[in-house]
Amino acid sequence: MADLTLVIGGARSGKSRYAEGLVRRHPGPWHYIATAQAFDTEMADRIAQHRADRGPDWITHEAPLELTDALRGIDEGVVLVDCLTLWLSNHLLAGSDLTAEAAALEAALQDHPCPVTLVSNEVGWGIVPDNALARAFRDAQGRLNQRLAARARHVITTIAGLPLGLKGDLP
């Protein structure tokens, strides 16, 4: 597996900001693979603000579904994927085979030539969802997080903006 770091946490926990800081420690180019889709103006505003906050030094790749293709297209610098949660939910809503998509992602990460930092939400600390779609998503996200954490060299969780190392030294 490539030099892989997983940054995981709850919503608004500071995981993206922390992951961006990790990537900035490496020499560029810095590649940002964005998985969000703007289905309304509020989300479009969030995406625009996120891009503005990162600044012009990042190369942004929009990949709401095509994450594995985006990863395979990068062969220099360092990569930040933000976030796996949106990527997985995009595939769930598209009716994709989530097991096959997760396996393809693992294959794209295998021996990737660049350091890769993945951002994902921890979805297991909440209540059991009241509908089948939400339960299917929670289960698939939990499985994906476990698979990638097992492969990652570093796993960090963020709580209230503070990093906590779970695996490997805190970078």
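Let's start with strand 4, residues 78-82, and strand 5: in this predicted model the two pair in the parallel sense, over 4 bridges. One pairing to look at is D82, whose bridge partner in strand 5 is V119. On strand 1, residues 4-9, we again find a parallel neighbour of strand 5, this time joined to it by 6 bridges. There, I8 has S120 as its bridge partner in strand 5.

So how covered is strand 5, residues 116-121? Of its 6 residues, 6 are buried. Both faces are covered: V116, L118 and S120 are buried on one side, and T117, V119 and N121 on the other.

Now, the pockets. The largest one has a volume of about 920 Å³. It is lined by 28 residues, and R12, S16, R46, H50 and D82 are the closest to its centre. You'll remember D82 as the bridge partner of V119. Helix 2 gives the largest share of this lining, 8 residues. Sorted by class, the lining holds 11 charged, 9 polar and 8 nonpolar residues.

The second largest pocket has about 170 Å³ of space. Of its 13 lining residues, D3, T5, H26, H154 and P171 lie nearest the centre. Helix 1 and strand 5 are the elements that give two or more residues to that lining. Its classes come out as 6 nonpolar, 4 polar and 3 charged.

One last stop, back on helix 2, residues 41-54, where A52 sits. Is A52 buried or exposed? A52 is exposed, because its relative accessible area is 53% and the cut-off for exposed is over 50%. Thanks, everyone!

Methods:
Residues are numbered from 1 along each chain as its sequence is written. This is a predicted model: local features need pLDDT of at least 70, side-chain atom pairs count only at pLDDT 80 or more; totals for chains, interfaces and linings use all residues. Side-chain values use heavy atoms; hydrogens and water are left out. Buried means under 20% relative accessible area, exposed over 50%, partly exposed in between (1.4 Å probe, protein chains only). Two strands pair if DSSP finds at least two bridges between them. On a 1 Å grid over the protein atoms alone, a cavity is a set of points where a 1.4 Å probe fits but cannot get out, and a pocket is an open set with protein on both sides within 12 Å along at least five of seven lines; lining residues have an atom within 4 Å of a point. Grid points are joined across faces, edges and corners, and a volume is the space filled by probe spheres set on the points. Ala, Val, Leu, Ile, Met, Phe, Trp, Tyr, Cys and Pro count as nonpolar, Asp, Glu, Lys and Arg as charged, and the others, Gly among them, as polar.
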